[in-house]
Amino acid sequence: MDPEGHSVTGAPRGRGAHDLRFLVTFVLISGSLCFLYCAPWQPTGHVAGWLHAYLSAYATVVASVLSLLDPTLHAVGTTLSGRFSIQVARDCDAAEALILYGASVLAFPAPWPKRTAGLLAGAAGITALNVTRLCVLYVVGLHSREGFDFAHEASPPLLIIAVLGAFVAWARWVARPRPVT
Amino acid sequence: VSFAPKPTARVLLVTAFILTVALVPWPGLGAAFTRAFCAVGNAAASLCQSHPPLRFEFEPAAGHSWSTTVVVRDSSPGGGSVDVFNLYLRVLVYAPLSLFVALSVAAAEADRRAHARAFAIGLAMVLGLLGLAIVSEVTVVLSHVWAAPTGAASQRVHLVQLGPAASWVLSAVYRTISSCSYVFVVAIWAFSRWWLAPAAWPSAPQASA
């Protein structure tokens, strides 16, 4: 630090530590959530049962939307069965995107009401986006297997980029200047 | 105020464009990437293995351009080789690396030297993380192979013996990193930007409720 309060890299004093606290908190929260989600739980245990029920509900929601386009489509457990079949597996539920967004919002220094609003709105938006993604995958799969493979592998990181944009928008909303009354 | 480079919309759009181009299944890309991965992986493995003539190697999988086969090879007389398992590199390694490169290129700063250092350190961290995942999985699978030998190579030496707890932890490490790799890539990218170019970061609000 120089006498004027800047670090050797030019950042004002205190700002770097503040940002580092955000990053460390984010890594701790996201790492813990990722570990809980991905740990090899017993296939017959409670966690696996909850996960299966959650994925089945996901498949049911997607099937109800897609049935408007394809009346033959229905959900059987975690599988969408129609003119093309898709299984909603563990990594298809946008959990990674939800964890990224949730950990970012929780780690960001903001009032709890705004964090809660951000979490609820973000979770709803990400889920809606992912349901749309699964619907698009089904439609693409109806026409092209190669197109399905490409969309299936390219869409998760694109969803992550959308989540980054959502977090930045929320952070700017939180930090916007309050009107003087 | 945000934890992101500005202008954010342009950076995210450019990132999405680069990522989409990178993930197009270009002819020959999978085979070339797999060969490069095997070369690097075998060079790294040769530094770590201390039980000759038994060694494990990465080989391009037959018929799958984006897959590599982990092979246990016994070079002693009468030895053989055992194909242990396949790794699908496109999702496990290539896509996370593409996301990191796309974010780094899209958010390039005017100070190219600082940006290059941040990129190099971030890339090393991403590769280290993915390497940790692969080593964890290889260790777990090899321990299973040696617990139930299936061939000449696996009957000679018990290199890895894991208890249930160690096996569970290593499996969890592999699954956590491989399933949530994009989360960690974004975190590493943000950390590398902050570490070497904090002046480029807008400040977070100082007050918290």
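Contact here means heavy atoms within 4.5 Å. The legends below describe a predicted model.

**Figure 1. Overall make-up of chain A.**
Among the contacts in chain A with a separation of 6 or more, 62% are between residues 24 or more positions apart. The secondary structure of this chain comprises 5 helices and 3 strands, and their order along the sequence is α-α-β-β-β-α-α-α. Chain A has 181 residues, of which 43% are buried. Its accessible surface amounts to about 9,300 Å², with 68% belonging to carbon and sulfur atoms.

**Figure 2. The largest nonpolar core, with Trp170(A) at the centre of the legend.**
The largest nonpolar core contains 96 residues, and the members that touch the most other members are Trp170(A), Leu87(B), Val93(B) and Leu99(B). H5(A) gives the most to this core, namely 12 residues. With residues up to four places away in sequence not counted, Trp170(A) touches Tyr101(A), Val105(A), Phe108(A), Ala110(A), Lys114(A), Arg115(A) and Gly118(A).

**Figure 3. Surroundings of Phe100(B) in helix H3 of chain B.**
Phe100(B) is placed in helix H3, which covers residues 89-106 of chain B. Phe100(B) counts as buried because its relative accessibility is 0%. Not counting residues up to four places away in sequence, Phe100(B) touches Phe119(B), Gly122(B), Leu123(B), Val126(B), Val185(B), Ile188(B), Trp189(B) and Ser192(B). For one of these partners, Leu123(B), the C-alpha to C-alpha distance from Phe100(B) is 7.5 Å, with the two positions 23 residues apart in sequence numbering.

**Figure 4. Surroundings of Leu142(B) in helix H4 of chain B.**
Helix H4 of chain B, residues 112-147, holds Leu142(B). A relative accessibility of 5% is the reason why Leu142(B) counts as buried. Once neighbours within four places in sequence are left aside, Leu142(B) is in contact with Phe56(B), Val72(B) and Val84(B). Leu142(B) and Val84(B) are 58 residues apart in sequence, whereas their C-alpha atoms are 7.4 Å apart in space.

**Figure 5. A polar contact of Thr69(B) in strand S2 of chain B.**
Thr69(B) belongs to strand S2, residues 67-74 of chain B. Its relative accessibility is 9%, so Thr69(B) counts as buried. The side chains of Thr69(B) and Asn86(B) are joined by a polar contact of 2.8 Å.

**Figure 6. The salt bridge between Glu153(A) and Arg90(B).**
Side chains of opposite charge can pair when their charged atoms come close. Over all chains, a search of the whole structure finds 3 salt bridges. In the one shown here, between Glu153(A) and Arg90(B), the closest N and O atoms are 2.3 Å apart. This pair crosses between chains, with Glu153(A) in helix H5 of chain A and Arg90(B) in helix H3 of chain B. Glu153(A) is buried, since its relative accessible area of 16% is under 20%. Arg90(B) is also buried, with a relative accessible area of 5%.

**Figure 7. The salt bridge between Arg83(A) and Asp70(A).**
The closest N and O atoms of Arg83(A) and Asp70(A) are 3.7 Å apart. The pair links distant parts of the chain, 13 residues apart: Arg83(A) is in the loop between strand S2 (79-81) and strand S3 (85-87) of chain A, and Asp70(A) is in the loop between H2 and strand S1 (74-76). Arg83(A) counts as exposed at 60% relative accessibility, whereas Asp70(A) counts as buried at 3%.

**Figure 8. The salt bridge between Asp149(A) and Arg145(A) within a helix.**
Asp149(A) forms a salt bridge with Arg145(A), and their closest N and O atoms are 3.4 Å apart. The two residues are separated by about one helical turn, because they are 4 residues apart in helix H5 (residues 145-175) of chain A. Asp149(A) has a relative accessibility of 32% and therefore counts as partly exposed.

**Figure 9. A nonpolar surface patch with residues from chains A and B.**
The patch is formed by Leu33(A), Phe35(A), Leu36(A), Trp41(A), Val47(A), Trp50(A), Trp168(B) and Val169(B), which together have about 720 Å² of accessible area. At least two residues of the patch are supplied by each of helix H1 (15-38) and helix H2 (46-66) of chain A and helix H6 (164-179) of chain B. H1(A) provides the largest share, 3 residues. Leu36(A) is located in helix H1 of chain A.

Methods: Residues are numbered from 1 along each chain as its sequence is written. Chains are lettered from A and ligands numbered from 1 in the order in which they are written. This is a predicted model: local features need pLDDT of at least 70, side-chain atom pairs count only at pLDDT 80 or more; totals for chains, interfaces and linings use all residues. Side-chain values use heavy atoms; hydrogens and water are left out. Buried means under 20% relative accessible area, exposed over 50%, partly exposed in between (1.4 Å probe, protein chains only). Patches are made of residues with over 30% relative accessible area and no salt bridge: like charges are joined within 9 Å, nonpolar side chains (Val, Leu, Ile, Met, Phe, Trp, Tyr) within 5 Å. Accessible areas come from the Shrake-Rupley method with a 1.4 Å probe; for residues, only the protein chains shown count as cover. A salt bridge is a side-chain nitrogen of Lys or Arg within 4 Å of a carboxyl oxygen of Asp or Glu. A polar contact is a pair of N or O atoms within 3.5 Å; within protein, one must be able to donate a hydrogen and the other to accept it, and residues adjacent in sequence count only if both atoms are side-chain atoms. A nonpolar core is a set of buried Ala, Val, Leu, Ile, Met, Phe, Trp, Tyr and Cys residues joined through side-chain atoms within 4.5 Å.
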